[in-house]
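Dear colleague,

I am passing on the structure below, and after it I set out what was found on going through it. Please read the notes with the structure open beside them.

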Amino acid sequence: MKIQFWCHTLSQVIYIMRNPKDVLVSAYYHWSMTKLPKKPESLDQYFQWFLQGHVPYGSWFEHIRGWMSMRDRENVLLLSYEELQKDPRSTIEEICQFLGKKLNPEELDSVLKNSSFHVMKENKMSNSETLPETYVDKEFKITRKGIYED
């Protein structure tokens, strides 16, 4: 007799949204630093492309609408970059609760330190410094300021 066990677990998804103004400015900066043939002539032109969804990855509005439609699912946690910046400790604690993990104070401090913008900016792997210069200018950095504006 063959016994099979089926285990069905839901994957957990953590999605961090960013406000459209910061996405617009950041994406404009990044696209301007690439060596792609089609570049916006100005921020105004890129703004029009952004509103129409004619930018890399498509419409920000449609993208966010899709994620917002899943916000009540038990396996989806939606956060905003702005709330993460305002109160990183509480946000990390919320993520831990969502994942069913308990961190002691030292572990929480370590997560806060190592997920800080400063540490990430210094990490060559998270800053795309490994991209060949055939695609981006030498000065290209994914992490620039790490701030948001109200």
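Helices and strands are named here as DSSP runs, a helix having at least four residues and a strand at least two, and both are numbered from the N terminus. On that footing Ile-16 is found in strand E1, which covers residues 13-17. Please bear in mind throughout that this is a predicted model.

Overall architecture

The chain holds 7 helices and 2 strands, and its elements, read from the N terminus, follow the order β-α-α-α-β-α-α-α-α. Of its 150 residues, 27% count as buried. Among the contacts in the chain with a separation of 6 or more, 56% are made by residues 24 or more positions apart. The exposed area of the chain is about 11,200 Å², with carbon and sulfur atoms supplying 56% of it.

Strand E1 and the cores

Tyr-15 also belongs to strand E1, and because its relative accessible area is 15%, where buried means under 20%, Tyr-15 is classed as buried. Leaving aside residues up to four places away in sequence, Tyr-15 touches His-63, Ile-64, Trp-67, Leu-77, Leu-78 and Leu-79. Tyr-15 and Leu-78 are 63 residues apart along the chain, yet their C-alpha atoms are separated by 5.0 Å.

Both of these residues recur in the largest nonpolar core, which has 13 residues and in which Tyr-15, Tyr-46, Phe-50, Val-55 and Leu-78 have the most contacts. The elements that give two or more residues to this core are E1, helix H1 (20-32), helix H2 (43-52), H3 and strand E2 (76-80). Phe-50, with residues up to four places away in sequence again not counted, touches Pro-20, Val-23, Leu-24, Val-55, Trp-60 and Phe-61. Apart from this core lies another, of 8 residues, among them Leu-77, Leu-79, Ile-92 and Leu-108.

Helix H3

Which residues of H3 are buried? They are Trp-60, Ile-64 and Trp-67, and, seen down the axis of H3, they fall within an arc of 60°, so they line one face of the helix. The cover over the buried residues of H3 includes E1, H1, H2 and E2.

Salt bridges

The count of salt bridges comes to 2. In one of them, the side chains of Glu-62 and Arg-65 meet at 2.4 Å, N to O; because these two residues are 3 apart in helix H3 (residues 60-68), about one helical turn separates them. Glu-62 is partly exposed, its relative accessible area being 47%.

The side chains of Arg-89 and Asp-109 also meet in a salt bridge, at 2.8 Å, N to O. This pair links distant parts of the chain, since Arg-89 is in helix H5 (residues 88-99) and Asp-109 is in helix H6 (residues 105-114), 20 residues apart. Arg-89 counts as partly exposed at 35% relative accessibility, and Asp-109 is partly exposed as well, with a relative accessible area of 41%.

A nonpolar patch on the surface

Finally, Ile-14, Ile-16 and Leu-99 form a nonpolar patch on the surface, and together they have about 210 Å² of accessible area. Within this patch, Ile-16 is partly exposed, with a relative accessible area of 38%, whereas Tyr-15 in strand E1 is buried.

With kind regards

Key:
Residues are numbered from 1 along each chain as its sequence is written. This is a predicted model: local features need pLDDT of at least 70, side-chain atom pairs count only at pLDDT 80 or more; totals for chains, interfaces and linings use all residues. Side-chain values use heavy atoms; hydrogens and water are left out. A salt bridge is a side-chain nitrogen of Lys or Arg within 4 Å of a carboxyl oxygen of Asp or Glu. Buried means under 20% relative accessible area, exposed over 50%, partly exposed in between (1.4 Å probe, protein chains only). Contact means heavy atoms within 4.5 Å. Accessible areas come from the Shrake-Rupley method with a 1.4 Å probe; for residues, only the protein chains shown count as cover. Patches are made of residues with over 30% relative accessible area and no salt bridge: like charges are joined within 9 Å, nonpolar side chains (Val, Leu, Ile, Met, Phe, Trp, Tyr) within 5 Å. A nonpolar core is a set of buried Ala, Val, Leu, Ile, Met, Phe, Trp, Tyr and Cys residues joined through side-chain atoms within 4.5 Å. The arc is that of the directions from the helix axis to the C-beta atoms.
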